Amino acid sequence: MSGQPRCKLFIKKKGDYLCQRVCMIVALKKLDPVICQIIAEEDKVKIAKENGATVTMWPTLLDTHTYEDGEEIEQHLEAHFPEHSLKSNDEAVKELTENNSPVSDFNKWLRAESPGDAVHAEKLAKFLNKADQILEQNAKKGDFLDGNSLTLPDCILLPKLHHMREVGKIITVDQGDILKGFTNVERYMKKAENGTAFQTTKREIDDRKWIGFKSKTKKSSDIYNALKSRK
C-alpha cells in the first residue's frame, strides 16, 4: 500500500475467526493497513467521529468505500492488490470452505439443551471428515489445502478450526484437543502454526462466553469420539 493513503481495518480484540480470516489475507498479501482493535461497543462512536463512517460489524475495511462483509473485503483486496494472489483453482477445496458453516454447527451443538442434537453434530462431523479426506488426498501437492502455500481457502478454514479447538479447551475438564483423531487436520494445523501468517493473526478466544459451560464436566475425548463415530 506504499504510495497511497493506508486503508483502515477494524477488528475485534478477541475471539472472532472472521477477523483472523481477513488479517491472514492482509499478512499474506504483505499489505500494511492501519489496524484498529475494537474492545467495546463504545468504540463505534469514536470510529464514526474520527472517520466519518458508521461501523456496525467486524471486520470492517475503510478504503475507497466501507466494506463490512468478509467476502466483500476479500474481493476488494484481491482486485486492488492482485500481487501475491491467494486464489485457488481446486473445486473440492473451494466447495469445502465456501459452502459450509462448521463454527455455527459447532456452537449450536454445544449449546443445545439435548446433548444429542444430532442435526448439528452430524453436519459438523461430516465437515471435519471431509476436510480430513481432502487434506489426505491433496498431501501430494503440499502441506496446505492447495499446495505448499496458503491460499484463500486456508484463510477461511484455519481460523474456524482454531476457534473450535480453543473453545474445546475452555469447555472440557482436561483442556484437551477436541479435533484429535482427525489426523490430517492435526498435521495441517501444526504446519500452519509454524508459519507467521497464522501465528501472528490468531485471535484470543473470549472465554467469558464459555466459562461455566455445562460441558465442563466432559473430557475432550468425549467430544472428538462423538464426532469421529459419525462418519
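**Figure 1. Four strands form an open sheet of mixed pairing in the order β2-β1-β3-β4.** The model shown here and in the other views is predicted. The edges of the sheet are β2 (34-38) and β4 (66-67), each of which pairs on one side only. In general, strands of a sheet pair through backbone hydrogen bonds, in either a parallel or an antiparallel sense.

**Figure 2. Strand β1 (residues 8-12) and its pairing with β2.** The two strands pair in the parallel sense, over five bridges. Lys-8 stands opposite Val-34 of β2. β2 is one of the edge strands.

**Figure 3. Pairing of β1 with β3, and of β3 with β4.** β1 and β3 run antiparallel and are joined by three bridges. Within this pair, Phe-10 has Thr-60 of β3 as its bridge partner. Strand β3 (residues 60-62) also pairs with β4, in the antiparallel sense and over two bridges. Here Leu-62 has Thr-66 of β4 as its bridge partner.

**Figure 4. Helix α3 (residues 70-80) against the sheet.** The helix lies across β3 and β4. Its direction makes an angle of about 40° with β3. Of the strands it lies across, β4 is an edge strand of the sheet.

**Figure 5. Packing of helix α4 (residues 91-98) with helix α6 (residues 118-137).** Two packed helices are described by the angle between their axes and the distance between the axes. For α4 and α6, the axes come within 11 Å and cross at roughly 155°. Angles over 145 degrees count as roughly antiparallel, so α4 and α6 are roughly antiparallel to each other. Their crossing is left-handed. On the α4 side, the contact is made by Ala-92, Val-93 and Leu-96. The residues contributed by α6 are Phe-127, Lys-130, Ala-131 and Ile-134. By class, the residues of this contact divide into six nonpolar, no polar and one charged.

**Figure 6. Surroundings of His-162 in helix α7 (residues 152-171).** His-162 has a relative accessible area of 6%. Buried means under 20%, so His-162 is buried. Apart from residues up to four places away in sequence, His-162 touches Gln-20, Met-189, Phe-198, Lys-202 and Arg-203.

**Figure 7. Surroundings of Lys-228 in helix α10 (residues 220-228).** Lys-228 has a relative accessibility of 22% and therefore counts as partly exposed. When neighbours within four places in sequence are left aside, its contacts are Asn-129, Gly-181 and Phe-182. Phe-182 lies 46 residues from Lys-228 in sequence, yet the C-alpha to C-alpha distance is 7.9 Å.

**Figure 8. The protein chain from which the close-ups are taken, with ten helices and four strands.** Along the sequence, these elements follow the pattern β-α-β-α-β-β-α-α-α-α-α-α-α-α. The protein chain has 231 residues, of which 46% are buried. Among its contacts with a separation of 6 or more, 75% are between residues 24 or more positions apart.

Methods: Residues numbered from 1 in each chain as written. Predicted model: local features only at pLDDT ≥ 70, side-chain atom pairs only at ≥ 80, totals over all residues. Heavy atoms only, no water. Axes fitted to C-alpha atoms, helices over the stretch in contact; angles between N-to-C directions. Parallel < 35°, antiparallel > 145°, perpendicular 65-115°, else oblique. Left-handed = near helix turned anticlockwise from the far one by under 90°. Contact = heavy atoms within 4.5 Å. Nonpolar A, V, L, I, M, F, W, Y, C, P; charged D, E, K, R; others polar. Pairing = 2+ DSSP bridges. Buried < 20%, exposed > 50% of the residue type's maximum accessible area, 1.4 Å probe, protein only.
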